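Here is a short briefing to read with the structure open beside you. It is grouped by topic, so feel free to jump to the part you need.

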Amino acid sequence: MKSITIKKLYKLHSWVGLITGILLFVIAFTGAVAVFARSELMIWANDHIRSPIDITPQKYEAIVEEYSQKVDPAYLEEIHIQFPAVRSTDNIRLIFEGHFEQENGKEDHKGVVFELHPITFEQVSRTDMEEYFNHPKLDMAMFLAHFHADLHLGRPVGLILTGLLGLTLMVSIVTGLIIHRKILAQLFTFRPKRNFSLLLNDGHKAMSVWGVLFHSVIAFTGAFLGLATVLLVPAAAYVSFNGDQEALLEKFTAVKAPVVANVESLTKVAHILENSKKSYPDLTFTNFTIMGYGDKNAAMYVFGAGNEQLGRQALVFNGATAEFVRHQANFGRLEGVTGKILDAMFPLHFGNFGGIFIKALWAVLGISTALLPITGLMLWIERGLNTANPAHSRNTYEMFNRLLIGSCAGVVLAAVALFPAQLILNKFYALNDHTSAVFFIFFSVWMFAITLGLVVKKKCAVHVLGYSIASCLLITMPLDAILSGSHIFNVIHTKHFVSMGVNLTTFVLGVLLVLAMMKVKAKQAINQSVSHIDEYQRETA
């Protein structure tokens, strides 16, 4: 390839990194944490679901019958029940939904949402469906998951932004592999003890090549998940369904409304749930949907994840007879491989398949994806500061370096600060909605870190932020033991296995970070001593 083309690609690679590098780190790092948001961190963040919760089919049939009497019959068209501690809710969630035709011919969705305590089944809240989903209540786990998805900017702005960041990551991967043509020859080259520039250079290349498949999958799936609902779905609906997105989704997704017979018949919820558990013991069931509840033609869909399939699975039953109809994936009605690809998008992006070890692997690889743009930016700064003819002033490189330290270390500090903060909120504000507090803590800590990085000397800022992150990680386990009584010596009695795993992980990461910071400080002291000796020798020569 011509050298002029390589230079153009290098310039493109550099500018993409400069413009999007910090945001890519923010998205990739929070994504690595969000891998565990559903359901490990959600369980940890809510005391009442830390012990395993058994799904009792008869009880769920009873609550569906009870609460169906409390809503308008028009809301019985669709009933959605979400199990606690398995997907995105700490309580049992019942959604009663009806479709109402508007004057312009379009359908309007209205309904009621009930939340029940997962152990006692007592009603926690009753909310209008539109109000409930427009103003969600977030703990730290769901906050981080939503932040990774759209930076809390909402639709369509947030999803478009994260989707475009996925595309820019793909551009960086392709251009990086092309401009570093000899990268395969340096695949096993890693010189951490030589100097900082070589450490950055070797680390950037090693993470790029060894993780290229993972980075590419994350970039593609992230771009798709970000852009699909706001751009691709409306475009497909416009082309094939005259703009009717509801018709498109109903055509291709798992749930399809039956033709109502207007003949009353009991929907056998308990029988269907029992059959699902017996027939598919390897599935973790997350929720179920009843279409046409109490009608002869009612259909019930039971959803779960697991077995050999990447995506969620739907078991379809006749509601009145409890007869099994079919087993399908979420996009099971799409022919060929298209449906399987769409079903694989979400689990491939978040590692929600294959158990906790796959999640841990995804988290580690996600951190490497986050480090790619940062090591690239740090290389650009190092070369700018040390070259004879820099493209920008020294002050520009210094200020960008300060912004890099504050914003990137800051988002890490803001994320880990939510762990002890959530424990304090649970203890002293247990009955309150924590959403506003979580928002305030996260963004105020992040802004503090950015300000610190800009106004304090670089080495001082690195040490303050590094030890602050380590402190938040180290304090989580003892604070949890003090405030909730959940500790390693009581884990057999409480069965808080997931929560104890989270606590141990934060503690180990805190210890490793402290050791790393001590090693960095020792190396800086040695370098400073060598510098003083060299200066003394020059003066006495």
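The expected span of a helix is 1.5 Å times one less than its number of residues. With that rule, helix α12 (residues 356–386), which has 31 residues, should span 45 Å, and its end C-alpha atoms are 44 Å apart, so the two values agree. Please keep in mind that this is a predicted model.

**Two helices with kinks**

- Helix α12 bends at L371, where there is a kink of about 30 degrees. The proline P373 follows shortly after that kink.
- Helix α15 covers residues 458–484, which makes 27 residues. From its first C-alpha to its last, α15 reaches 38 Å, close to the expected 39 Å.
- A kink is found in α15 too: about 35 degrees at T476, shortly before the proline P478.
- After α15 comes G485, which has a positive phi, near 75 degrees.

**Aromatic pairs**

- How many aromatic pairs does a search of the whole structure find? The count is 26.
- One of them joins Y75 and F100: the ring centres are 6.0 Å apart and the planes meet at 85 degrees, so this pair is edge-to-face.
- Y75 belongs to the loop between α3 (57–68) and β1 (78–82), while F100 is in strand β2 (residues 92–101), so the pair ties together parts that are 25 residues apart in sequence.
- Y75 counts as buried because its relative accessibility is 17%, under the 20% cut-off. F100, with a relative accessible area of 30%, is partly exposed.
- F346 and F350 make a tilted pair, with 4.8 Å from centre to centre and 35 degrees between the planes.
- Why are F346 and F350 separated by about one helical turn? They are four residues apart in helix α11 (residues 338–350).
- Within that pair, F346 counts as partly exposed at 29% relative accessibility, whereas F350 counts as buried at 11%.
- Ring pairs also build a cluster, linking F143, F147, F439, F442, F443 and W446.

**Charges over rings**

- K70 places its charged end over the ring of Y67, at 4.2 Å from the ring centre.
- F100 appears again here: the charged end of K110 sits over the F100 ring, 6.0 Å from its centre.

**Strand β6 and its neighbours**

- Is strand β6 (residues 299–306) mostly covered or mostly exposed? Strand β6 is mostly covered, with six of its eight residues buried.
- On one side of the pairing list is strand β5 (residues 283–291), which runs antiparallel to β6 and is joined to β6 by eight bridges. I290 has M300 in β6 as its bridge partner.
- Strand β7 (residues 313–318) is also antiparallel to β6, and six bridges join the two. Here M300 has F317 in β7 as its bridge partner.
- M300 therefore has bridge partners in both directions, I290 and F317.
- As general background, the side chains of a regular strand alternate between the two faces of the sheet.

**Cysteines**

- How many disulfides are counted when the sulfur atoms of a cysteine pair must lie within 2.5 Å? The count comes to zero.
- C408 is buried, as its relative accessible area is 6%.
- C460 counts as partly exposed, at 38% relative accessibility.

Key: Residues numbered from 1 in each chain as written. Predicted model: local features only at pLDDT ≥ 70, side-chain atom pairs only at ≥ 80, totals over all residues. Heavy atoms only, no water. Bend = angle between axes of the 7 residues up to and from the residue. Phe/Tyr/Trp six-rings, centres within 6.5 Å; stacked < 30°, edge-to-face > 60°. Buried < 20%, exposed > 50% of the residue type's maximum accessible area, 1.4 Å probe, protein only. Lys NZ or Arg CZ within 6 Å of the ring centre and 35° of its normal. Pairing = 2+ DSSP bridges. Disulfide = S-S within 2.5 Å.
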